[in-house]
Amino acid sequence: MSKQCDKTWVVVEHRGVVIEPGSVQLLSKAKTISPVPVVAVVLTTAADRDKLVAQLRPFGADQIMVVTDDSLNEKMTQETAAATLTQMMVQLGRPIALLFSATTWGRSVAPRVQGNVDAGLTADCVDLRFDNQTLIGIKPSYGDRIMCEITSDSVLPQMVTVRPNVFQAVQEGEPTPEDAIEQLAVTVKPDNQVVLNQRQENPLTNADNSLAATDIILALGRGANDPVTIQLAEKVAQKMGAKIGVTRPLVGDHFTQEQQIGQSGTTVAPKLIINLGISGAAQYTTGMSGAGTIVAVNVDPDAPIKEIADYYYPGEAQAFLQALDEAIN
Ligand SMILES: Cc1cc2nc3c(=O)[nH]c(=O)nc-3n(C[C@H](O)[C@H](O)[C@H](O)COP(=O)(O)OP(=O)(O)OC[C@H]3O[C@@H](n4cnc5c(N)ncnc54)[C@H](O)[C@@H]3O)c2cc1C
C-alpha cells in the first residue's frame, strides 16, 4: 500500500446522527494547522448520511467523504471501522495525517488501523501542530510532568488520537461546498472483510443514480440470484432499455450498492418495475412502491410482494425472463 494522497483525514465519530463533539473540535483544529486539504471521513448508513453531512458542513472541511453501508451503524465493530479505513487508504492513497478523537471508540479503532498500515501512532495528544508536512503530536509524559513533542513521519499516515475538549469547535468561514461531498460505498462481508465499491456521485446534488432516473427497472432478488438468470436479465434489460436493480442480499461481487433499491439504497419511481424472485420485505418495497406499474414474479403464490403488485406471476424467474426475451424479439 504505497499510494499517497495529500490530505489530512479527520475520522468523524458518531452515534446514529449524533456527532461526538471531539470529532468536530479536531476538524476545526485541523483546518487551522493542516498544510494540505482537510477531509472529514464519516462511516455511516445511507439513512443517516444526509443528517450527518448537514451537521458537518458548517465546520468547513475542504471535503467530506461519506462511506455508507448498513453494517456501518452504531453497532459497527472496531474491526469493521479499521478495515474500512484501511481499504480506503489502499484505494484512495494514504493521507499525510489521520486524526481520531481519543474517545473509547477512537482509542480502539486507531491502533487497529495502525496495525494494518504499519504506521506510527501518537496517542492521547493535547495539542497538534505541523512543521511543513510533519505532524507534531504534543502530549504529557513522565507522569504528566513534561510535555513531549512526538513525530512519526517515516511511514504515512501520521496518526494521532487527541483528547476531546482540548480544542474549540468553530463554525466560521465557508461551509463545505456541495461538490466537495463525496460518497463511497462499502460492502462488509460476514468475515468482516471490507470491499470498497466504486465511487458514487455526490449525495446532495442528486446527480447520481441512473437507476433513480430510469423508466423501466428489472429488479432481481435472491430467487433470481444465479448466473444464468442474471445474464438473461441483463440481456432482456438491454433489449427493453431497462436498468437492473437489486435487493440488498445481491449487493457484493456482481452488483454495486448503487443498484440496491430500498430503505438503505436508492428510492426509485420508474414507470414499470418487474420484480423477479423478490419476497417484498418492507425495507425493499419502501424504495419502489412509487413505481407506476408493479409486476412481480415469484415461485411462492403468496409472497408478500403480491400485496403491492399490479400483475403477479407465480412461477420461476428464469422461465419468465426466457418468455419475455422471446416475446421482445
Ligand atoms: C436496516 C435494514 C435495512 C435494509 N435495507 C434494505 C434495502 O434497502 N433493500 C433491500 O432490498 N433490503 C433491505 N434490507 C433487507 C430486507 O429486510 C430483506 O432481507 C431483503 O429485501 C430480502 O431480499 P430478497 O427479497 O431478495 O430475498 P428473500 O426475502 O430471501 O426472498 C427471495 C424470494 O425469491 C422467491 N424465489 C425463490 N426462488 C425463486 C425462483 N427460482 N423464481 C422466482 N422466485 C423465487 C422466494 O419465494 C422468495 O420470496 C434491509 C434490512 C435491514 C435490517
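**Ligand and domain exercises**

**Exercise 1.** Which ligand atom does a backbone N or O atom of Gly277 lie 3.1 Å from?

Solution. The partner is an oxygen atom of the ligand. The pair is a polar contact (N or O atoms within 3.5 Å). This is a predicted model: local features need pLDDT of at least 70, side-chain atom pairs need 80 or more, and totals for chains, interfaces and linings use all residues. Numbering starts from 1 along each chain, and side-chain values use heavy atoms, without hydrogens or water.

**Exercise 2.** Find further polar contacts of the ligand, then state its burial.

Solution. Start with Gln260: a side-chain N or O atom is 2.7 Å from a ligand oxygen. Next take Val299: a backbone N or O atom lies 3.3 Å from a ligand nitrogen. Now the area: the ligand alone exposes 990 Å², and the protein buries 74% of that (Shrake-Rupley, 1.4 Å probe).

**Exercise 3.** Describe the shell around the ligand.

Solution. There are 24 residues around the ligand (a heavy atom within 4 Å). Arg222, Thr247, Gln260, Ser279 and Asn298 come nearest. By class, the shell holds 7 nonpolar, 13 polar (Gly counts here) and 4 charged residues.

**Exercise 4.** How many Å separate the domain centres?

Solution. Take the bounds, from an automatic or database assignment: domain 1 is 8-196, domain 2 is 210-328. Over C-alpha atoms, their centres are 38 Å apart. The contact (heavy atoms within 4.5 Å) takes 6 residues from domain 1 and 7 from domain 2.

How values were computed
A polar contact is a pair of N or O atoms within 3.5 Å; within protein, one must be able to donate a hydrogen and the other to accept it, and residues adjacent in sequence count only if both atoms are side-chain atoms.
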